[in-house]
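Here are a few exercises to work through with the model open beside you. Try each one before reading its solution.

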Amino acid sequence: MAKKSIDWSPENWPSLIYRLFTSFKVATIVFVLLTLITLLGTLYQVEHGLHAAKEQYFYSWIIVEKVGTIPLLIPGGMLLMWILFINMTLGALVKVRKRWKGLGLLVSHFGMLMLLAGAFITHKASSDGYMALYPGMKSNRVESYRDWQLEIMPLDDQGKAEKAWILPSDELQSIRSDEQRKYETEDLPFGIVINGFSQNATPIPVSAPMAAEAQGKEIDGFKLSQQQASKNAEQNLPGCYIELRPESGDPIETILWAGSFRFDPREKPMPFTFEVGGQKFGALLAKRTWVVPFEVQLDEFIFERHPGISTARNYESRITRLEESQPEKPVEIKMNEPMRYAGYTFFQESFGPQGSEPGDEMFSQFAVANNPADQWPLWSLVVTSAGLMLHFVIMLVSYIVRSFSTKPKAATAS
Amino acid sequence: MMLASCNDSDMGPEGSDIVVREIPDAHRDFKLVDTSRERFRYQTRPTSSADAGQSTGPRLVYATPKGWTDEGRSMMRDVNFSFGENGEGECYVARLPGAGGGLSANVNRWRKQMGADPLSDDEVFALPKKKLFGQPATFMSVDGDFTGMGASGAQKDYRLLGVILSADTGAIFVKMTGPRKLVEANAAQFDEFVSSLNVTTGS
């Protein structure tokens, strides 16, 4: 039998695209590739940590994997999941023949689409950060674990500032270590030039032996030594060379390092200070922050150690939740009992400062997560399971009905 | 570039590079420091036992092992000891902020000084641990011909003992070098010294 030829004319393209995206073969290939990148991502995570693995394999459109010296292009998790979403929407919900026998499968496919949609919402709309408080302190501000930004602020003589000009973390952290980028704003009397940004770095005094191996310019007796990024991205302390170019006069160069920010909620950040046009300014690498719609006041931090050793046995926080036009609400946050409120979840995460001895005042640190789709995996599982159950029941009923209806015929035949 | 006003979060409208925001009251205070050393936390290093009485800040305390001579601080070293008949053995404590150059890089820098081949990250990770300031720190012992900083030639048949602790706020190094037999005879004192190191505050 002669093979039917495909009509490649432009008029037929929509039909061809529809056929491609509703193809069962495409879905199979996507599942195979998703299995492959899950395997590669898991192996990558061992070496580079969870955050880097997610960025490299699951949030990407294309992955460049090297086999020996040959680069191999593999579709990234984002691309594959979009194709799967379109394929399932068109193939399993739109194209499929609607009949009562297929109802269960229709529901289970809808559950899987919910899972994909939930993953996308989590990727785009979720946030995670932390809030660290000493007893008596209150705050509504959450700090990012990993996102560092450049802040420039006009300072008074006491080191106070009311406003900060911010180069956001997405922009700053996209600068390579060998790249130069320039920024200007009408409100600041100088231009800003970033001469290379390192995700993890240490300023080394030129008198130290390891300074000999550090690349980069020596400024004020220091070089910025680039470090291998940590597996745990939150442990990285980035650094950069920065140049401030006033409209008149010599440019001002310095090294900015994230270690000048704070390691303790009571610590004051230490900006690089300089003067332009008689105004003192500070420049600092600081963590990105955002606010939650209520304040948390730490009333008491309870920390229990194992007898005779400094290891923590239990720690929990007693807080008061403060919100405008709402009564004050006392809440206990324990290791496995987070506070869930207004879409945010506060987990008891850790404590500090490091090396605290019994009797020392300690701060409590909460992990603060906000994910509008955090229950979607559960609901999608429920929907998918319900769909499959329904399908099994339909098939069973159908089989029983068919069996009964065919029995008399079988008896006659025998 | 576009300047855009922003509210409570440090995120600008799409397409802008620099955004401006009000600093919340609780975060308006900054510490003004004069030098990069302070800004990079080199000035906050604890003073040593030898400086006791001269400072009211954090102070490094330790037990001086028997037969060792405390040589006091130097520019990059918080504690300096010499030992042996002619003071040919030395032991010191140094501190760097951040990762201090990285654990593997430092282990291999010391191995290179002893003429030994570098170790892979996995091999460095697998090195034994000793407690330093109550934390598990990487311990290394290398035999070989030692070429110190600025030395013109290698000193034969030496041993290096080192302990490196990498913490969030900095890295701490304890290094001991000397003729192999002398270091071997002082290994227990090295352990005693490492476990005695502590930081105390106040005068």
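**Exercise 1.** Find the strand that holds B:Cys91, and decide whether B:Cys91 is buried or exposed.

*Solution.* This is a predicted model, so keep that in mind throughout. Start with the location: B:Cys91 sits in strand 6 of chain B, which covers residues 89–97. Next, count C-beta neighbours: B:Cys91 has 24 of them inside 10 Å. The cut-off for buried is 20 or more, so B:Cys91 counts as buried.

Now look at who surrounds it. Leaving out residues up to four places away in sequence, B:Cys91 touches B:Phe81, B:Lys175, B:Met176, B:Phe190 and B:Phe193. Take B:Phe193: it is 102 residues from B:Cys91 along the chain, yet their C-alpha atoms are separated by 9.8 Å.

**Exercise 2.** Check whether the length of helix 5 of chain A agrees or disagrees with its residue count.

*Solution.* Helix 5 of chain A runs over residues 103–125, which makes 23 residues. At 1.5 Å a residue, the expected span is 33 Å. The C-alpha atoms at the two ends are 32 Å apart, so the two values agree. While you're there, note the buried residues in helix 5 of chain A: A:Ser108, A:His109 and A:Gly118.

**Exercise 3.** Work out how helix 4 of chain A is oriented against helix 5 of chain A, then against helix 2 of chain A.

*Solution.* What do we need to describe such a pair? Two packed helices are described by the angle between their axes and the distance between the axes.

- Helix 4 (residues 77–95) and helix 5 of chain A: the axes come within 10 Å and cross at roughly 155°. Angles over 145 degrees count as roughly antiparallel, so helix 4 and helix 5 of chain A are roughly antiparallel to each other. Their crossing is left-handed. Residues making this contact include A:Met81, A:Leu84, A:Phe85 and A:Met88 from helix 4 of chain A, and A:Leu106, A:His109, A:Phe110 and A:Leu113 from helix 5 of chain A.
- Helix 2 (residues 24–48) and helix 4 of chain A: the axes come within 10 Å and cross at roughly 150°. Helix 2 and helix 4 of chain A are therefore roughly antiparallel as well, and this crossing is left-handed. Among the residues that meet are A:Val26, A:Val30 and A:Leu33 of helix 2 of chain A, with A:Leu80, A:Ile83 and A:Leu84 of helix 4 of chain A.

**Exercise 4.** Trace the open sheet that contains strand 6 of chain A, and give its strand order.

*Solution.* Begin with strand 6 (residues 180–183) and strand 7 (residues 190–198) of chain A, which pair in the antiparallel sense over four bridges. Together they form a hairpin, with six residues between the strands. One register marker here is A:Arg181, whose bridge partner in strand 7 of chain A is A:Ile194.

Step on from strand 7 of chain A to strand 10 (residues 239–246) of chain A: this pairing is antiparallel too, over seven bridges. Here A:Val193 stands opposite A:Glu243 of strand 10 of chain A.

Put together, the four strands of chain A come in the order 6-7-10-11, with antiparallel pairing. Strand 6 and strand 11 (252–257) of chain A are the edges, each pairing on one side only. On average, neighbouring strands of this sheet are turned by 25° against each other, direction ignored.

**Exercise 5.** Sum up chain A as a whole: how many helices and strands are there?

*Solution.* Chain A has seven helices and 18 strands. Of its 414 residues, 25% count as buried. For contacts in chain A between residues at least 6 apart in sequence, 55% join residues at least 24 apart.

Definitions and conventions:
Residues are numbered from 1 along each chain as its sequence is written. Chains are lettered from A and ligands numbered from 1 in the order in which they are written. This is a predicted model: local features need pLDDT of at least 70, side-chain atom pairs count only at pLDDT 80 or more; totals for chains, interfaces and linings use all residues. The expected span of a helix is 1.5 Å times one less than its number of residues. A residue is buried if 20 or more other C-beta atoms lie within 10 Å of its own, exposed if 12 or fewer, and partly exposed in between; C-beta atoms are placed from the backbone. Two strands pair if DSSP finds at least two bridges between them. Two residues are in contact if their C-beta atoms, placed from the backbone, lie within 7 Å. Axes are lines fitted to C-alpha atoms, for helices over the stretch in contact, and angles run from 0 to 180 degrees between N-to-C directions. Angles under 35 degrees count as roughly parallel, over 145 as roughly antiparallel, 65 to 115 as roughly perpendicular and the rest as oblique. A crossing is left-handed if the near helix is turned anticlockwise from the far one by less than a right angle, and right-handed if clockwise.
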